[in-house]
Amino acid sequence: MYLIINFIVLLPFYFAEYAASAVFPVYITEILGFDRAYAGYFVSVISMSSLIAKFFSGAIADRFNKIPLYTLALFSTGIAMYLCGMTGVLAALLVIRFIQGFSSGTIRTLYKSVTADIVPKNRLATAIGFG
């Protein structure tokens, strides 16, 4: 049961995250009309903030409960993805992409830890393998 829940939660996240990352440079240049260099900045911002989150999210999760932090990261990623399509202001897009990268980095760090906490030991290798 937990394996199915983890799969149902993570599959749309990964699909949306990678699809948004693939088309975001086109959205920046073609739809919003920004220069191509800005498309590179947006890709860099999400990558760097994700990297930063991976260093801190594990320590934060050890101090606090992992599951609420994981849930907050899932929701904030979804909200950030939605807001990216709703704004056309350069500074706002940079901040939103930073939040999106930070929260998606947190998700990538915590999902195996959360899975290890909720899945029975005899199903753990299978559950982590799906992630």
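This text walks through the aromatic ring pairs of a predicted model and then turns to one glycine in a loop.

The rings in this model form 3 aromatic pairs. One of them joins Phe34 and Tyr38, whose ring centres are 5.9 Å apart. Their planes meet at 70 degrees, so this pair is edge-to-face, given that angles over 60 degrees are classed that way. Tyr38 also belongs to a cluster, in which ring pairs link Phe34, Tyr38 and Tyr41. Tyr38 has a relative accessibility of 31% and therefore counts as partly exposed, a class that lies between the 20% and 50% limits.

Another pair is made by Phe98 and Phe102, with ring centres 6.3 Å apart. Here the planes are at 25 degrees, so the pair is stacked, the cut-off for stacking being under 30 degrees. Both residues sit in helix 4, which covers residues 90-118. Because Phe98 and Phe102 are 4 residues apart in that helix, about one helical turn separates them. Phe98 is partly exposed, with a relative accessible area of 37%. Phe102, at 30% relative accessibility, is partly exposed as well.

Ahead of helix 4 comes a loop that follows helix 3 (66-86), and Gly88 is located in this loop. Gly88 has a relative accessibility of 41%, so it counts as partly exposed. Leaving aside residues up to four places away in sequence, Gly88 touches Leu32, Phe34 and Leu93. Phe34 thus appears both as a contact of Gly88 and as a ring partner of Tyr38. Gly88 can also be placed relative to Ile31: the two are 57 residues apart in sequence, while their C-alpha atoms are 9.3 Å apart in space.

Technical notes: Residues numbered from 1 in each chain as written. Predicted model: local features only at pLDDT ≥ 70, side-chain atom pairs only at ≥ 80, totals over all residues. Heavy atoms only, no water. Phe/Tyr/Trp six-rings, centres within 6.5 Å; stacked < 30°, edge-to-face > 60°. Buried < 20%, exposed > 50% of the residue type's maximum accessible area, 1.4 Å probe, protein only. Helix = DSSP H or I, 4+ residues; strand = E, 2+ residues; numbered from the N terminus. Contact = heavy atoms within 4.5 Å.
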